[in-house]
Amino acid sequence: MADPRFVPVHPPRPAQMSSAWRSLFNEHARNSVAGWSQLAFTEWHTRRNVLGTIVHIPRHPAAIERVLLGNAANYEKPRLVKRVLAPLIGRGLLSSDSELWRAQRRIVAPSFAPGAVAQLAGLIAQAAERRMATWPDRGRLDIAAAATGTTMAIIADALFSGDPRLTSGAAARNIEAALLAAGQVRITALLGFPGIRLNRTAWRGERGRRYLRETLAAIVRERGPEGGDDFLGAMIRGLHERFPSEEAMALATDNAATFYVAGHETTANALAWSIYLLAGDQAVQDRAREEVRAEIGGDPETLADRLPYLRQILDEALRLYPPAPRFEREAMADDELHGVPIARGNIVSVWPWLVHRHRKLWDDADAFDPDRFAPGHEAGRHRFQYIPFGGGPRVCVGARFAIVEALVILAHWLAARRFTLADGFAVDPLGSVTLRPRGGLVVEVSPA
Ligand code: HEM
């Protein structure tokens, strides 16, 4: 018989879901992946009335396919979400719709094509090695903090030519605060008080948001309409070809913020969760290390494609802990999703967190099993039951970047270090905008 599989932590699942009203104030309000009942992982659809707004949570892959692909034009980013995110990322790629979205997507997509991403592999490897050089030889280490520091340096290097205003300790603290607050502000916005500063998190978040916006606006201004010779430069030039100068500069700042925020926190979480899973299953870790050691000496630009087993592990980590645990749409017209009527103005909330652990879609859904993603094992699987990067026209534009980045960093770390679970440290998944380990993720490291 095969060894028992590692079953990593998830929040407790009550038998019954609490009412929509109660869940505005209980643990679910603070942690979006907590408080889901068993039924959330066995039923296909939930419809809730949240203070007068109807919110649908479909889990059937055919329903999700219709929202993201089949009838995608009918499902825009909700006005509420745009309002909440506007102070941070304005009308950039993530938070615009229709023509404005299409124009921006065309401008940035070439920078994220496989060829462009492959050229960044060397820079990614260097950042991974630099970070690892600061670790103790053996002992406890917060791998979530290590991952965030590394991906932050990479996004600043790769997209903004390493501007130090984006990589300092103060920048890291400010951006983290801005993100935390963006996750929390939803509830106040829903209640109709978007301006209210509720607590320390919101106050620090506001300071962090201002720091990020002002710094990025200054960088964009300094670059001028010619932009410069990097991702930001290409984007500034592309926007100037398409929009009047003032609007182009504003959109450049919006997108700089969008990419800066969307481009490191998600990947950092993917890395931290991958290491946690590897620490929990030493046999999988040994096999991955063997693969990595055989390949790491070759061409860095193709390294990510020569690590199929590590890729299976990453895919499984993104299933169990999707770094974007949920995302929303608003119906522009009436529709039907897998037999459920949707009215104009209804919110459709797509939850990778629920779909990826759904009992009717996955065997032994909570267990860590990278072999699910081995070649040939996807038979019978619906394309939209695995959606860590979303799907359809608005699929994550940075998906290839994220995958190459995560694989190259994991390869360098695994080649040199062994990771084991740290005695007495309780890992605790916390869902806000991203799915992160609350209070960090401490593991033991030792020479491999
Ligand atoms: C493991 C890492 C990542 C995950 C899990 C992730 C997840 C997602 C998801 C689920 C969406 C779709 C949201 C929706 O449909 O509402 C999305 C969109 C997006 N992501 Fe990522 N992402 C990751 C990394 C990145 C990176 C590295 C970048 C940029 C450098 C990035 C930039 C974006 C942008 C700009 C969008 C909006 C695209 C559009 O609407 O056209 N993401 N991401």
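**The iron site and two sheets**

Me: In which loop is C396 found?
Reply: Helices and strands here are DSSP runs numbered from the N terminus: helices are H or I with at least four residues, strands are E with at least two. One helix to look for is α16 (352–355), and another is α17 (399–416). C396 is found in the loop between α16 and α17.

Me: What kind of model is this?
Reply: Residues are numbered from 1 along each chain as its sequence is written, and side-chain values use heavy atoms, without hydrogens and water. Local features need pLDDT of at least 70, side-chain atom pairs count only at pLDDT 80 or more, and totals for chains, interfaces and linings use all residues, since the model is predicted.

Me: Which residue is the only protein donor of the iron atom of the ligand?
Reply: Donors are N, O and S atoms within 2.8 Å of the metal (3.2 Å for Na, K and Ca), and water is not among the atoms, so sites may look incomplete. The iron has a single protein donor, an SG atom at 2.3 Å, and that atom belongs to C396.

Me: How far is a polar side-chain atom of R329 from an oxygen atom of the ligand?
Reply: A residue is near the ligand if one of its heavy atoms lies within 4 Å of it. There are 27 residues around the ligand, and R329 is among those that come nearest. From a polar side-chain atom of R329 to a ligand oxygen, the distance is 2.7 Å.

Me: How many charged residues does the shell around the ligand have?
Reply: Ala, Val, Leu, Ile, Met, Phe, Trp, Tyr, Cys and Pro count as nonpolar, Asp, Glu, Lys and Arg as charged, and the others, Gly among them, as polar. The shell has 17 nonpolar and six polar residues. The charged residues number four.

Me: Which are the edge strands of the open sheet of five strands?
Reply: Two strands pair if DSSP finds at least two bridges between them. This sheet has the order β1-β2-β8-β5-β3, with mixed pairing. The strands that pair on one side only are β1 (45–50) and β3 (75–76).

Me: Which residue in β5 is the bridge partner of Y75?
Reply: β3 and β5 (residues 327–331) pair over two bridges in the antiparallel sense. Across from Y75, the partner in β5 is A331.

Me: Which residue in β12 stands opposite D142?
Reply: The open sheet of three strands has the order β4-β12-β9, with antiparallel pairing. Its edge strands are β4 (139–142) and β9 (417–421). Four bridges join β4 to β12 (residues 442–447). Opposite D142 stands V442.

Definitions and conventions: A polar contact is a pair of N or O atoms within 3.5 Å; within protein, one must be able to donate a hydrogen and the other to accept it, and residues adjacent in sequence count only if both atoms are side-chain atoms.
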